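Visitor: Could you take me through one part of this model, the place where the two chains meet, slowly and in plain words?

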There are 2 protein chains.
Amino acid sequence: MGATKIRLCVSEDLGAGQTVPLSRDHAHYLFSVMRLAAGDSIFVFNGRDGEWRAEVTEAGKKTGALLLREQTAPQHMPPDLWLLFAPIKKARTDFIVEKATEMGAAKILPISTEFTNSDRINRDRLQAHAVEAAEQCGGTFVPEVGELSRLDRIISDWPKDRRLMFCDEALVGARASLMAAGPATKWAIVIGPEGGFSDAERTRLQALDYVTPVSLGPRILRADTAAVAALTLWQTVLGDW
Amino acid sequence: MGATKIRLCVSEDLGAGQTVPLSRDHAHYLFSVMRLAAGDSIFVFNGRDGEWRAEVTEAGKKTGALLLREQTAPQHMPPDLWLLFAPIKKARTDFIVEKATEMGAAKILPISTEFTNSDRINRDRLQAHAVEAAEQCGGTFVPEVGELSRLDRIISDWPKDRRLMFCDEALVGARASLMAAGPATKWAIVIGPEGGFSDAERTRLQALDYVTPVSLGPRILRADTAAVAALTLWQTVLGDW
């Protein structure tokens with residue numbers, strides 16, 4: 001949904017009249033793939049300074065530069081929501097990162113659990129997916145993708161001012177429990193692997209006072225569906241939708 | 001999420017003591033792929049009679065039979081919710097059908113709109129995807145996938161007792177508008193193509209008295225994300241979650 005315009009995430013600070021040098025990858029994309037030339041406009045953001053219209057001032061095969069003209073959108077930060085999920089098959093893991101970015105997660109944390117299907121991730125590749133999703137969805141923010149961490153370690157070091165929405169198929173009542181959880185502004189969502197949480201993990205999670213158990217309906221959802229459903233639920237009840 | 005058990009969707013009526021002959025595909029899957037033998041148990045459903053435990057009584061290379069033992073789950077019908085969506089790239093269209101089945105849509109209707117990216121679908125393949133998703137998600141119901149229809153024709157023939165949730169990025173306010181829409185029990189959701197709806201389509205949809213416009217947040221969602229988000233929103237506010 002939505003018309004396409006070329007948007008790039010860059011690392012430089014952005015301001016009127018500034019020049020932004022292009023990376024080799026960006027120059028290749030703009031000039032070889034998209035066939036832009038000097039004088040054409042694109043849009044850039046860096047996660048801090050909003051979105052800017054930028055004019056191509058130099059278009060080489062492997063290099064190039066942009067001149068920033070005017071800000072076209074203010075910086076929009078997502079709510080302070082983390083998504084914790086157990087990596088699954090490659091395509092579905094990519095999908096979760098893409099969706100979490102589109103749907104406005106602030107941080108994406110891959111976790112390993114007792115029944116995790118995959119115990120390795122390529123963090124850089126997942127981070128690149130998040131950047132691409134932000135470029136495509138019109139956002140001005142890119143969530144950080146963390147290194148794979150063990151769920152039990154994350155729980156041991158949990159920041160006590162952050163609530164955790166625990167999505168489990170063994171529960172009932174979606175919206176009500178979330179609405180009753182109170183006015184915390186820092187949240188996280190945790191989604192289990194395809195094999196579900198172990199009984200030990202379930203018991204431990206439910207006993208924590210910062211945990212809000214939430215059901216995602218009477219059918220069993222795949223982990224990728226559960227991630228999108230949980231993000232929607234949170235965003236519509238407590239977030240910026 | 002959830003442990004795996006072998007579940008098959010069959011066409012026969014189901015009842016205690018009945019014998020169910022296996023199709024060639026099912027026999028191949030059970031006996032060559034999954035290596036089951038006579039005496040093993042699986043679970044079957046047909047969309048009408050709930051879920052049954054079935055014992056393998058005959059296991060050939062291309063044929064086989066099951067004996068129905070006892071009902072293990074009652075028939076669970078989803079709410080009367082249709083999902084209308086404009087087909088996109090193949091993998092993402094497959095994904096929408098899979099997700100709509102998992103999330104409890106009653107009917108899936110591919111539509112062509114002014115900016116539809118794809119004007120052809122393979123209905124049988126999409127229907128097979130819905131069957132497979134129902135087998136995997138533990139449901140007892142398989143939504144019917146319709147033939148590709150033009151949005152303007154569907155609107156012309158619209159059943160007046162069915163409300164339509166119109167998801168558009170140009171809108172604000174997700175939950176509130178849905179909650180205010182009143183107590184209709186028959187609903188449909190319409191999701192546009194990657195290019196969005198045309199101005200004419202937008203104007204026409206918004207003018208219809210059975211349409212409830214709904215926003216899906218401040219970021220632009222891909223069509224497949226929008227489908228899952230809209231289904232979640234509807235299910236948590238008005239459905240069976």
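Guide: Happily! Across the interface of chain B and chain A there are 14 residue pairs in polar contact, both residues at pLDDT 80 or more (a pair of N or O atoms within 3.5 Å, one able to donate a hydrogen and the other to accept it; residues adjacent in sequence count only if both atoms are side-chain atoms). This is a predicted model, where local features need pLDDT of at least 70 and side-chain atom pairs 80 or more, while totals for chains, interfaces and linings use all residues. Residues are numbered from 1 along each chain as written, chains are lettered from A and ligands numbered from 1 in written order, and side-chain values use heavy atoms, without hydrogens and water.

On chain B, the elements giving two or more residues to the side that touches chain A are helices H2 (90–102), H3 (123–137), H5 (175–179) and H7 (223–237) (helices are DSSP runs of H or I, at least four residues, numbered from the N terminus). H7(B) gives the most, with 11 residues. By class, this side of chain B has 22 nonpolar, 13 polar and 12 charged residues (Ala, Val, Leu, Ile, Met, Phe, Trp, Tyr, Cys and Pro are nonpolar, Asp, Glu, Lys and Arg charged, the others, Gly among them, polar).

Counting contact (heavy atoms within 4.5 Å), 47 residues of chain B and 48 residues of chain A take part. The interface also holds eight salt bridges (a Lys or Arg side-chain nitrogen within 4 Å of an Asp or Glu carboxyl oxygen). One of them joins B:Arg222 to A:Glu98, with the closest N and O atoms 3.0 Å apart.
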